[in-house]
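Colleague: Before I rely on any description of this protein, I would like to hear the reasoning behind each term. Could you take me through it with the structure in view?

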Amino acid sequence: MDLQTSPDLLSAVGRTPLVAFTGFSQAPGARVWGKLESFNPGGSAKDRTARALVQDATERGVLGPGSIVVESSSGNLGVALAREAVVGGWKFHCVVDRRTNQATLAHIRALGATIHEVTEPDPETGDWLTARRTRVAELKDELGAINLDQYSNRAAFDAHSEGTMREIVAQLGHAPDVLVVAVSTTGTVGGCARYIAEHGLHTRVVVVDAVGSVLFGGERGQRILPGYGAGVVTDLSRETTPDDIVRVTAAEAVDAARALAKSTGFLPGASGGAVCVGVEKCLHDDPSAEIVAIFHDDGRAYLDTVYNDEWVERNVR
Ligand SMILES: Cc1ncc(COP(=O)(O)O)c(C=O)c1O
């Protein structure tokens, strides 16, 4: 048995399980794997991103004990940076909006970070992410803080190229036919796609975006679920060309998340539900494909939303 110790919590990031899932409409012999990023110490793939952003800023000499960092997050990066701040001895201010799960906010606060909640969308575009980034710029000046900027910082690619995708290939012993990834900053998919290109792998990259997200040519609209989709075209997204795009509504994501929980026992988060819709589409296109789906987090922080009938009835139906 390969049991390891970790010298600290930060070095426990990564090496997440890749689990075979049945319960999709698979042809006999087809394999669907879930890369379960909820097994990271902070419960999401953003632990990897935070590690890479912090390591990069530390190496560049702009971040160290006593620094103040301000960052916009839909929640998961906030949790990861709050932990990095504790270990690194700096202060963290997290800018969120009203869509962030209450459990995630409580997690960030419990780690000692300060939360700034944006209560109105950007007046010009109606977009929440734009409003968050405006607040980040204000706080940067007010606090004399630095901003790691997860939307344009290419260090995120390193986390998912050398981490997530390298692990997937090592765990399988070969490259999968298809990789299905939910997108927001697009750091995860961009890093995985970079690894695939650099190693000449045949893996097709399918991104799962929200209906209403403007990424990859999408049309702006209302989005209710946190985690996947974006209201601005991120700098990172300009560097990735996916093989296919699946746009998923909140209702589809909720239904698929609930169905996966009942068919596999794994409780996905909101973007995980959307990813399941992407997996079904890929199986429809090629029923015998070997597919790896990245589950960025799990559903524990979504018990009051995605898994709450009243909330779903009020907000999604
Ligand atoms: C739950 C969840 N899913 C998917 C994503 C998308 O990841 P990325 O920002 O790397 O595109 C995020 C990012 O915050 C997330 O929190």
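Modeller: Let me begin with the classes used for residues: Ala, Val, Leu, Ile, Met, Phe, Trp, Tyr, Cys and Pro count as nonpolar, Asp, Glu, Lys and Arg as charged, and the others, Gly among them, as polar. By that scheme the residues of the shell around the ligand divide into four nonpolar, twelve polar and two charged. Please keep in mind that this is a predicted model.

Colleague: Which residues of the shell are the closest to the ligand, and how many residues surround the ligand?

Modeller: The ligand is surrounded by 18 residues, and the closest are Thr185, Thr188, Gly227, Ser271 and His296. The elements that give two or more residues to this shell are helix H2 (76-88) and helix H6 (187-198).

Colleague: How do you know where the ligand lies with respect to domain 1 and domain 2?

Modeller: The domain assignment gives domain 1 as 10-45 + 154-312 and domain 2 as 46-143. Because both domains give residues to the shell around the ligand, the ligand lies between them. The C-alpha centres of the two domains are 23 Å apart.

Colleague: How many residues of domain 1 are in contact with domain 2, and which helix gives the most to that side?

Modeller: With contact taken as C-beta atoms within 7 Å, 31 residues of domain 1 are in contact with 26 residues of domain 2. Helix H5 (residues 155-172) gives the most to the side of domain 1 that touches domain 2, with seven residues. By class, that side has 13 nonpolar, 14 polar and four charged residues.

Colleague: Why is Val180 called buried?

Modeller: A residue is buried if 20 or more other C-beta atoms lie within 10 Å of its own, and Val180 counts as buried because it has 30 C-beta neighbours inside 10 Å. Val180 sits in strand S6 (residues 178-182), and, leaving aside residues up to four places away in sequence, Val180 touches Val206, Val208, Val275, Gly278, Val279, Cys282, Ile291 and Ala293.

Colleague: What is the largest nonpolar core made of, and which residues have the most contacts inside it?

Modeller: The largest nonpolar core has 84 residues, and those with the most contacts inside it are Val180, Val181, Val208 and Val275. This core draws at least three residues from each of domain 1 and domain 2. In soluble globular proteins, nonpolar side chains tend to be buried together.

Colleague: How do you know that the span of helix H1 agrees with its number of residues?

Modeller: At 1.5 Å a residue, the 14 residues of H1 (residues 46-59) should span 20 Å, and the end C-alpha atoms are 20 Å apart, so the two values agree.

Colleague: And what makes H1 mostly covered?

Modeller: Ten of the 14 residues of H1 are buried, including Arg48, Leu53 and Val54, and what covers the buried residues of H1 includes H2, H5 and H6. Just after H1, Gly61 takes a positive phi of about 80°.

Colleague: How does the span of helix H4 stand against what is expected, and what do its buried residues pack against?

Modeller: The 16 residues of H4 (residues 128-143) should span 22 Å at 1.5 Å a residue, and the end C-alpha atoms are 22 Å apart, which agrees. The buried residues of H4 are Trp128, Leu129, Ala131, Arg132, Arg133, Val136 and Leu139, and they pack against strand S3 (68-72), strand S4 (91-97) and strand S5 (114-118). H4 is followed by Gly144, whose phi is positive, near 65°.

Conventions. Residues numbered from 1 in each chain as written. Predicted model: local features only at pLDDT ≥ 70, side-chain atom pairs only at ≥ 80, totals over all residues. Near = placed C-beta within 6 Å. Helix = DSSP H or I, 4+ residues; strand = E, 2+ residues; numbered from the N terminus. Domains from an automatic or database assignment. Contact = placed C-beta atoms within 7 Å. Core = buried A, V, L, I, M, F, W, Y, C linked by C-beta atoms within 7 Å. Buried ≥ 20, exposed ≤ 12 C-beta atoms within 10 Å, placed from the backbone. Expected span 1.5 Å × (residues − 1).
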